[in-house]
Amino acid sequence: MRPRVLPDYETMSTAAADVVASKLREKPHAVFMIPTGTTPLGMYRGLAARHEREGLSFARATFFNLDEYLGLPPDHPASYHVYMQENFYGRVDVDPERVHVPDGSAPDPEAECEQYERAIRVSGGVDLCVLGIGRNGHIGFNEPGAPFDSRTRVVRLAETTRRVNATDFEGERAPERAISVGMRTISDSRKVLLLASGANKARAVAAAVGGEVSEEVPASALRRHPNVSFLLDRDAASALGDSASEGEPP
Ligand code: PGA
């Protein structure tokens, strides 16, 4: 697996939107698993623009989000429900019946996790999973140490993750737990696309691409996946040496 390196964030985001759009053209009823965070914002903007300009339709596709904070109602401003509505679902023609975000306020979180995993299975499985990467190498909210065979479950957030995400909570305590799809759930996807931008991701990217495959670096698990692409901007690739290629499409 040779990561593809693009000059900057905008170009990386356009390339990511291209991958999603071409999957959608090839299979309009495709199943996507998609991330939140700052990294995919440019991709979502690109997809919304294609919907508006070119009529790219998402209406037959199914979407599963990777994670949600535990204990947050769906209308909390820092919830991923709100993020997704504002940045993507509310800006394109998705069918609300085909959109899934884990319910962080479910009275029985364990049952919610089981139901979420079942819904993924019933959908026929994920065609394309798009991921960001945490500074500690996490994918979804699978923090270092997450078992490679894990499924959707309640997880405890790493302190570093809580610190990074604290800015979204404006003075409130950031949640300590979340619901996250599992490592195995991600690995079962037919194709995986990981996006990384910025120098603060360079170490995690280098560990994932060139270090040992280890549960201590969750993203390293992707090296065992038969159809994975890493799409990086130059800063995120800056610790990789020459193991990356400029240009080749994912
Ligand atoms: P970010 O988060 O896109 O906000 O950097 C990525 C992640 O933590 O997975």
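In this predicted model, the largest pocket holds about 820 Å³ of space. Its lining is made up of 36 residues. Among these, T36, G37, T38, V164 and N165 lie nearest the centre of the pocket. Three elements each give two or more residues to this lining: strand β4 (67-69), helix α3 (80-87) and helix α5 (159-165). The largest share comes from α3, which supplies five residues. By class, the lining has 14 nonpolar residues and 17 polar ones. Five charged residues complete the set.

T36, one of the residues nearest the centre of the largest pocket, was examined further. T36 sits in a loop. This loop runs between β2 (31-34) and α2 (41-54). The relative accessible area of T36 is 13%. Buried means under 20%, so T36 counts as buried. Residues up to four places away in sequence were set aside when the contacts of T36 were listed. The remaining contacts are N65, D67, Y80, Y83 and M84. Of the elements that help to line the pocket, β4 covers residues 67-69 and α3 covers residues 80-87.

The second largest pocket has a volume of about 160 Å³. The residues that line this pocket are E117, I120, R121, G125, V126, R151, T185, D188 and R190. Helix α4, which spans residues 109-122, gives the most to this lining. The helix provides three residues. Five residues of the lining are charged. Two others are nonpolar, and two are polar.

A further site is I133. This residue also lies in a loop, here between β6 (128-131) and β7 (153-156). The relative accessibility of I133 is 4%. The cut-off for a buried residue is under 20%, and I133 therefore counts as buried. Which residues is I133 in contact with, leaving aside neighbours within four places in sequence? The list consists of H138, L194, L195, A196, K201, A204, V205, A208 and A219. Distance along the chain and distance in space can also be set side by side for I133 and L222. These two residues are 89 residues apart along the chain. Their C-alpha atoms are separated by 12 Å.

How values were computed
Residues are numbered from 1 along each chain as its sequence is written. This is a predicted model: local features need pLDDT of at least 70, side-chain atom pairs count only at pLDDT 80 or more; totals for chains, interfaces and linings use all residues. Side-chain values use heavy atoms; hydrogens and water are left out. On a 1 Å grid over the protein atoms alone, a cavity is a set of points where a 1.4 Å probe fits but cannot get out, and a pocket is an open set with protein on both sides within 12 Å along at least five of seven lines; lining residues have an atom within 4 Å of a point. Grid points are joined across faces, edges and corners, and a volume is the space filled by probe spheres set on the points. Helices (H or I, at least four residues) and strands (E, at least two) are DSSP runs, numbered from the N terminus. Ala, Val, Leu, Ile, Met, Phe, Trp, Tyr, Cys and Pro count as nonpolar, Asp, Glu, Lys and Arg as charged, and the others, Gly among them, as polar. Buried means under 20% relative accessible area, exposed over 50%, partly exposed in between (1.4 Å probe, protein chains only). Contact means heavy atoms within 4.5 Å.
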